[in-house]
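Please find below some notes on the model, set out as numbered points. They go from the chain as a whole to single residues.

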Amino acid sequence: KTNLFSYSSSKVCKDVNKLGSGRRALGELLQIARCCYTLEASFFCYTGSNGKTVPFTEETYLELGKYVGMTFVDYYKLPNPLKKE
């Protein structure tokens, strides 16, 4: 839904050496819902759809925060607070 995130640049890690990390520990403990993620963003830029780097601004950080919030809306199937009726 946004070019601020790239699934192809994401890492899905089952490395046994990472079992002490919070994400891996919670993934092992939460047997019902094994969805534990770490959100990391560069302080400088992201790669745009044209392959060029685009510097982050205050507005793009706010947009990223909105999309993180909307992820929870989608995941928990909540009513969309941004949808105009």
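1. Helices here are DSSP runs of H or I with at least four residues, and strands are runs of E with at least two, numbered from the N terminus. The model is a predicted one. On that basis F44 lies in the loop that runs between α1 (22-29) and β1 (45-47).

2. Overall architecture. The chain has two helices and two strands, and their order along the sequence is α-β-β-α. Of its 85 residues, 14% are classed as buried. The accessible surface is about 7600 Å², with 60% of this belonging to carbon and sulfur atoms. Among contacts with a separation of 6 or more, 27% join residues 24 or more positions apart.

3. F44. Is this residue, F44, buried or exposed? Its relative accessible area is 54%, so F44 counts as exposed, the cut-off being over 50%. F44 nevertheless has contacts beyond its sequence neighbours: leaving out residues up to four places away, F44 touches V54, P55, F56 and Y61. For one of these, F56, the C-alpha atom is 5.8 Å from that of F44, with the two positions 12 residues apart along the chain.

4. S49. This residue sits in the loop between β1 and β2 (53-55). S49 is exposed because its relative accessibility is 74%, and the class begins over 50%. What is the C-alpha distance between S49 and T2? The two are 9.9 Å apart in space, C-alpha to C-alpha, and 47 residues apart in sequence.

5. Nonpolar patch. F72, Y75, Y76 and L78 make a nonpolar patch on the surface, with an area of about 470 Å². One of its members, Y75, belongs to helix α2 (residues 58-75). Y75 has a relative accessible area of 46% and is therefore partly exposed, a class that lies between 20% and 50%.

6. K77. The segment after α2 contains K77. Which sign does phi of K77 have, positive or negative? The value is near 55 degrees, thus positive, and the residue is not glycine. Most residues other than glycine have a negative phi. The backbone at K77 is worth a look in the viewer for this reason. As for its surroundings, K77 is exposed because its relative accessibility is 71%.

7. Points to check in the display. For the loop residues, these are the contacts of F44 with V54, P55, F56 and Y61 and the C-alpha distance of 9.9 Å from S49 to T2. After α2, the item is the positive phi of K77.

Definitions and conventions
Residues numbered from 1 in each chain as written. Predicted model: local features only at pLDDT ≥ 70, side-chain atom pairs only at ≥ 80, totals over all residues. Heavy atoms only, no water. Buried < 20%, exposed > 50% of the residue type's maximum accessible area, 1.4 Å probe, protein only. Contact = heavy atoms within 4.5 Å. Patch = residues over 30% accessible without salt bridge, like charges linked within 9 Å, V, L, I, M, F, W, Y side chains within 5 Å. Areas by Shrake-Rupley, 256 points an atom, 1.4 Å probe, with all protein chains shown as cover. Salt bridge = Lys/Arg side-chain N within 4 Å of Asp/Glu carboxyl O.
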